[in-house]
Amino acid sequence: MKNGKLDIYKKNITSEHGEDGILEYLLSVVGESVPKVLVEVGAWDGVFGSNTYTLWKALGWKAVLIEGQPDKFLQLEENTKDAVGVVCVNRFITAKGRDSLDSIFNELSMEPDIGIISIDIDSFDYYVWKYLDYINPSIVVIEHNQEIPPYIDYFDPEGAVYFRCSAKALERLGGEKGYKLVSCTTTNCIFIQQSLFDSAVMPDLPVEALFDYSRLAPQAMFSAMNDNKYPVFTRKTSSGVPALIRFYYYLESIIIKKKKYIRPSREVAEHMRKLGLDP
């Protein structure tokens, strides 16, 4: 599967962007080498948007489900009251210190080796994984900011929460921690330990190839030939921004004679549309 993607396995039971199906596939190919223990950080009520619900609910995995908001935690307790081997923790996670994941695992006297960790706290997810040391997950599911293009290695300064982090930053961090990126859904990067990676059944591609581009803002591109300033956008959008940008460059071509405003031919425009561009 060197040049393939795991998107064909996408399926939602409680996940939002196909993560349920992708994890099901990965677990089917790594087999018994993965411990049936999971952690979900930002568990909400245990069901809504969960990447792990099916594993602890239907497949008998042990689970540590962590949720900081008191009202959501009450729902989490209610939804897991009959589940065997599920521990619910009402804590707001920090990257380091008493409320870090490593500290909580030590408090619970749990073994470090686990099958899956899902980190989705809409803030400093990058640093939660960066400082994870004791816990040793086989598979990591972690949120990225889908608005940041995948070639930009961005992460907020430590202690700040603004843009959070890009998929590229997580790809680099994962490599530093011994993980291979195998999927990048709309909002989550999915990694597997390098020791479990198998290019025969998993994609060996960079994040730029795995990224879901459907949520990116419509970036304008130009042909760079003959000073042509007719903008082509990286995706279709219903907003009026592309029209305004096109009008700006059209006026520029009238005022500055050397600037051209050459539309693509019908044939070229149709080809662009087939490839997902907006001419």
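**Briefing: a buried strand, a pocket and three residues**

Strand 1 is covered on both faces: Val37, Val39 and Val41 are buried on one side, and Leu38 and Glu40 are buried on the other. This is a predicted model. The protein chain has 279 residues, and 47% of them count as buried. It holds 9 helices and 9 strands.

**Strand 1 and its partners**

- Strand 1 spans residues 37–41. 5 of its 5 residues are buried, so the strand is largely enclosed by the rest of the structure.
- The cut-off behind that statement is a relative accessible area under 20%.
- One face of strand 1 carries Val37, Val39 and Val41. The other carries Leu38 and Glu40. Glu40 is buried along with the others.
- Strand 2 covers residues 62–66 and pairs with strand 1 in the parallel sense. The pairing runs over 5 bridges.
- Within this pair, Leu38 stands opposite Ala63 of strand 2.
- Strand 4, residues 113–119, also pairs with strand 1 in the parallel sense, over 4 bridges.
- Here Val41 of strand 1 faces Ile119 of strand 4.

**The largest pocket**

- The volume of the largest pocket is about 390 Å³.
- Its lining counts 21 residues, and those closest to the pocket centre are Gly42, Trp44, Glu67, Asp120 and Ile121.
- By class, the lining splits into 9 nonpolar, 6 polar and 6 charged residues.

**Three residues in detail**

- His17 sits in the segment before helix 1, which spans 19–30.
- His17 has a relative accessible area of 17%. The limit for buried is under 20%, so His17 counts as buried.
- Beyond its neighbours within four places in sequence, His17 contacts Lys10 and Asn12. The same list includes Thr185, Thr186, Thr187 and Arg215.
- Leu59 lies in the loop between helix 2 (53–57) and strand 2.
- The relative accessible area of Leu59 is 54%. Exposed means over 50%, so Leu59 is exposed.
- Leu59 and Lys36 are 23 residues apart in sequence. Their C-alpha atoms are 9.1 Å apart in space.
- Leu173 belongs to helix 6, residues 167–176.
- Leu173 is buried, with a relative accessible area of 3%.
- Leaving out residues up to four places away in sequence, Leu173 touches Tyr126, Trp129 and Lys130.
- Lys130 is 43 residues from Leu173 in sequence, yet the C-alpha to C-alpha distance is 7.1 Å.

**The chain as a whole**

- Along the principal axes, the C-alpha atoms fill a box of roughly 75 × 40 × 35 Å.
- The accessible surface of the protein chain is about 14,100 Å². Carbon and sulfur atoms account for 54% of that surface.
- Take the contacts between residues at least 6 apart in sequence: 57% of them join residues at least 24 apart.

Note on methods. Residues are numbered from 1 along each chain as its sequence is written. This is a predicted model: local features need pLDDT of at least 70, side-chain atom pairs count only at pLDDT 80 or more; totals for chains, interfaces and linings use all residues. Side-chain values use heavy atoms; hydrogens and water are left out. Buried means under 20% relative accessible area, exposed over 50%, partly exposed in between (1.4 Å probe, protein chains only). Helices (H or I, at least four residues) and strands (E, at least two) are DSSP runs, numbered from the N terminus. Two strands pair if DSSP finds at least two bridges between them. On a 1 Å grid over the protein atoms alone, a cavity is a set of points where a 1.4 Å probe fits but cannot get out, and a pocket is an open set with protein on both sides within 12 Å along at least five of seven lines; lining residues have an atom within 4 Å of a point. Grid points are joined across faces, edges and corners, and a volume is the space filled by probe spheres set on the points. Ala, Val, Leu, Ile, Met, Phe, Trp, Tyr, Cys and Pro count as nonpolar, Asp, Glu, Lys and Arg as charged, and the others, Gly among them, as polar. Contact means heavy atoms within 4.5 Å. Accessible areas come from the Shrake-Rupley method with a 1.4 Å probe; for residues, only the protein chains shown count as cover.
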